[in-house]
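Here's a walk through a multi-chain model, going from sheets to domains to chain contacts. Have the viewer open as you read.

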Amino acid sequence: MYKIIASRMIVPNMHILTIEAPVIARQVQAGQFIILRAEEEGERIPLSVSDWDRARGTITTIFMNIGSTTSRLSQLASGSFIPTVVGPLGNASEIEHFGTVLLIGGCYGIGSLYPVARAMKEKGNRVLVVIEARSSYLFFWEDRYRVLVDKLLHITRDGSKGLKGHIGRIPEILTALDEPVHRVLINGCTFCLKRGSDATRELGIKTVVDLNPIMIDGTGMCGVCRVSVGGMTKFACVQGPEFDGHEVDWAELAQRRKSYMAEEVIPLRTSKCEEHAHQSEEVS
Amino acid sequence: MQFESLVAVLEFAVRKEEEAAEFYTDLARSMVQPHIARIFEEFAAEEMEHKRKILIVMTGRPGWIPQARIKDLHVADIVEDVVPSSDMGYQQALILAMKAEKAAYLLYMELSSASEDDAMKDLFYLLAQEEARHRLRFEVEYDEQFSGEN
Amino acid sequence: MTEKKVLDLIRREMPKQPPEVRKFNFNEVAFGYSEELAVEEAKRCIQCKKAHCVQNCPVEIDIPAFIQCVADRNFAEGIRIIKQKNCLPAICGRVCPQEDQCEKVCTLVKKEGQLAIGRIERFLADWEARQGHVDMPEIPEWTGKKVAVIGGGPAGLTVAGDLILRGHKVTIFEALHKLGGVLVYGIPEFRLPKAIVNREVDYLKSLGVEVYTDFVVGKTQTMDSLLEEYDAAFVGSGAGLPWFMEIPGENLNGVYSANEYLTRLNLMKGYLFPTYHTPIKAHKRVAVVGGGNVAMDCARSALRLGAESRIVYRRSREELPARMEEIENAEEEGVIFDFLTLPLRYNGDASGWVKEMIVQKMELGEPDASGRRRPVPIEGSEVAVPVDAVVCAIGNSPNPLIGSTTPGLLLGKKGNIEADEETGKTSRDKIWAGGDVVTGAATVILAMGAGRKAANSIHEYLMGGDGE
């Protein structure tokens, strides 16, 4: 069992969870993820690691409340326990001295992007960060970014902060920056990753995306996380989760992500009373 | 493609084997995992062995006897193309190799049927058969290794 | 002169759920022998002086001895004899391919009346469980040595069981949240109830085996760092990347690897969705590609989830690699078999779900140099088969995580760990390996056999020998 050290809603519908997991905290690198189950009957879901404290033996993850597992997770109080946390899984981000890097985080990706920004900075890169959300009240960790990176820019759908629009406006940002960018890295939902990659394709800047397909075991055994990259099938859990955004087959990934959209929320709507009723009917 | 003489054909064939060996050697160098690198080194060695066979023909010593039509399991026709990458596995390596052999076979067969000179026709046919034999070696290995339960 | 025994050549059948009932539920198919049936069957054994059955058992159980105990109704002694060699009898009694091992060389096989050794083994294990208390063997004093076992499947469980009984401290590191490996994620409930696996795992824990689940060696901690704490390690990390046929359409929704399909169902209990939260789709027409035990498990599971279920296999019935018992069970339940059939590609609908498979008819070619008749396509025989799900059950390569993170560990072409067949020793000092990670997909008992040999070698090494 793994203890929840802290749990709270960080912005509407977005949660931050700190879990005691010393062996994971000791090993985890930027770009890696964990798989957890929120309860004994629960599904295994992958979540990116947004921060860790090696000394205290804790890891932190930020997620959006969208399905039955994340809903359950978001209701967990500090001090409670969950049955499974396994990691760190996937390969660490490729961190080198690239020169100037532009890091883009959309909604929950603002969280998982943070360790990447930190590691890029440690390698001596000039680090520019763009965070994107529907509105300014959905931003978080701005203070942490501000003290860490060389420049922090915003895009909001409603224009309440920074540029109005979405990640498709990255080329304008690049033009305005008026300095060479050697690598772009995007964290966020599949739509955000795709639009971001589309936007940089013509500019010819290498763009790395952190993919988030459906996973079960996370160790290369089940193959549900397969994605087509550069015309070849890759297993995101062991060969990713980072891939070249210009090589990913986005249509296929979006379709595969949707496979269980209907089922994801069914456990939420199933009342235990109904189940018990069925069971007693069977008995009688 | 025009060839002046049988020697020119053989020189072409030697060059093709050398190119193939080089291709595999380069791939071997770019592999992340040493056990996959070794596979491509083996493939490269097999191409060099072909080159040696062709050189024997060139020196006029017939050590290379044409044989009955080589069987085709059609694996190379069914599987999808492989784009080489540094993290590919044995399955992808075999697909890559069998498709390359198939392509070489088709090229020589085409050259054979386009030739008007009988000796040249035969020589191209011979070269084609050799490529087919090599393709079959990869297909059989694939059949053994990756189709046991299928 | 003793009375000459009349040979009883009639194998006692095990009562089963009728096919028309069991195809709609996930309960175990066979009920197992009653005491009477077990005793009757055991009495048929002629107690050969030279017991071929023992030689053909990968873990060398003293078969005639435990059979005699059952004939004498001394069940407690019978199970004790089995457990000297096999710490997982309830599992092996169910999933071992006895017809290829002990029963194959039974003297009675010549008259087709070979003893049902597996069924009697199963009976004894279940009998013991019903007694409510399990005899605990004596554990010797700690030798001062610690062994890490990577992977809690059949191979790892065997190594753990063997070494704890020799006084070593044993820790199992399991990547999933439950011990058992393929026994819990792969083999379905109707063939091996999970309660039985849990029972055998609990027994090992009660012997003092320490267990870390959710621990991926190679990721959570490297092999080399573990070896700073442990005197030896055994790698039994099992299956890895599933193979696909590398044909068009395999990434469509509704195309699964057998590993995914079975893991959703068994480990995650998808058949109890939404009580358990991992979904599995209720497909209407499922095609399972492959002809092994895993393919049979998938096809029979699909049937139980309400689908029309077919096996698509490119050779003929004779070549099916699955156990005959499982093939017959599948046939009885109504699984359709398309023999000499090979999928060429899958076509999807507008939203990316598979809607049909294009297959080609095959014929077996002339035997080649190796004597194998390899299937070759019949030209112009392509047809479209409507399906809404495909399960690819053609095998998998070994798990890559340890091989790729342990420098100096020699790997074979398919990424399998190279290990000595007799001892399980790898190219690295202090590391042994066995099971699917060495051989590729094989059977539970072969993995256990490899575990047994490795345990012997590890024990010798720890006690000062060189493990040879």
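How many bridges join strand β7 of chain C to strand β8 of chain C? Five of them do, and β7(C) (residues 285–289) and β8(C) (residues 308–312) run parallel. Keep in mind that this is a predicted model.

## The sheet around β7 and β8 of chain C

That strand pair belongs to an open sheet of five strands, ordered β6-β14-β7-β8-β9 in chain C, with parallel pairing. At the edges sit β6(C) (255–257) and β9(C) (336–338), each of which pairs on one side only. On average, neighbouring strands here are turned by 25° against each other, ignoring direction. If you want a single bridge to look at, try C:Ala287, whose partner in β8(C) is C:Arg310.

There's a helix to go with this sheet: α12(C), residues 258–265, lies across β6(C) and β14(C) (389–392). The angle between α12(C) and β6(C) is about 85°.

## A second parallel sheet in chain C

Chain C has another open sheet of five strands, in the order β3-β2-β1-β4-β16, and its pairing is parallel too. Here β3(C) (210–212) and β16(C) (431–433) are at the edges with a single partner strand each, so one side of each is left without a neighbour in the sheet. The average turn between neighbouring strands of this sheet is 20°, again with direction ignored.

Inside it, β1(C) (residues 146–150) and β2(C) (residues 169–173) pair in the parallel sense over five bridges. One to pick out is C:Ala148, which has C:Thr171 in β2(C) as its bridge partner. Helix α17(C), residues 444–462, lies across β1(C), β4(C) (232–235) and β16(C). It runs at about 170° to β4(C).

## How chain C splits into domains

Chain C is divided into domain 1 (19–130), domain 2 (146–240 + 397–462) and domain 3 (244–394). Taken over C-alpha atoms, the centres of domain 2 and domain 3 of chain C are 30 Å apart. Their contact takes 10 residues from domain 2 and nine residues from domain 3. On the domain 2 side, that's six nonpolar residues, one polar and three charged.

## The two domains of chain A

Chain A has domain 1 (2–89) and domain 2 (100–257), with 21 Å between their centres over C-alpha atoms. Here 19 residues of domain 1 of chain A are in contact with 20 residues of domain 2 of chain A. The elements giving two or more residues to the domain 1 side are β1 (2–11), β3 (33–37), β4 (45–48), β6 (58–64) and β8 of chain A. β6(A) provides the largest share, three residues. By class, the domain 1 side divides into 14 nonpolar, three polar and two charged residues.

## Where chain A touches its neighbours

What does chain A put against chain C? There, 39 residues of chain A are in contact with 31 residues of chain C. Elements giving two or more residues to the chain A side include α1(A) (22–27), α2(A) (68–74), β15(A) (226–229) and α8(A) (250–257). The largest share, six residues, comes from β8(A). In terms of chemistry, the chain A side has 16 nonpolar, 14 polar and nine charged residues.

As for chain B, four residues of chain A are in contact with four residues of chain B. The chain A side there has one nonpolar residue, three polar and no charged ones.

Terms used
Residues are numbered from 1 along each chain as its sequence is written. Chains are lettered from A and ligands numbered from 1 in the order in which they are written. This is a predicted model: local features need pLDDT of at least 70, side-chain atom pairs count only at pLDDT 80 or more; totals for chains, interfaces and linings use all residues. Two residues are in contact if their C-beta atoms, placed from the backbone, lie within 7 Å. Helices (H or I, at least four residues) and strands (E, at least two) are DSSP runs, numbered from the N terminus. Ala, Val, Leu, Ile, Met, Phe, Trp, Tyr, Cys and Pro count as nonpolar, Asp, Glu, Lys and Arg as charged, and the others, Gly among them, as polar. Domain bounds come from an automatic or database domain assignment. Two strands pair if DSSP finds at least two bridges between them. Axes are lines fitted to C-alpha atoms, for helices over the stretch in contact, and angles run from 0 to 180 degrees between N-to-C directions.
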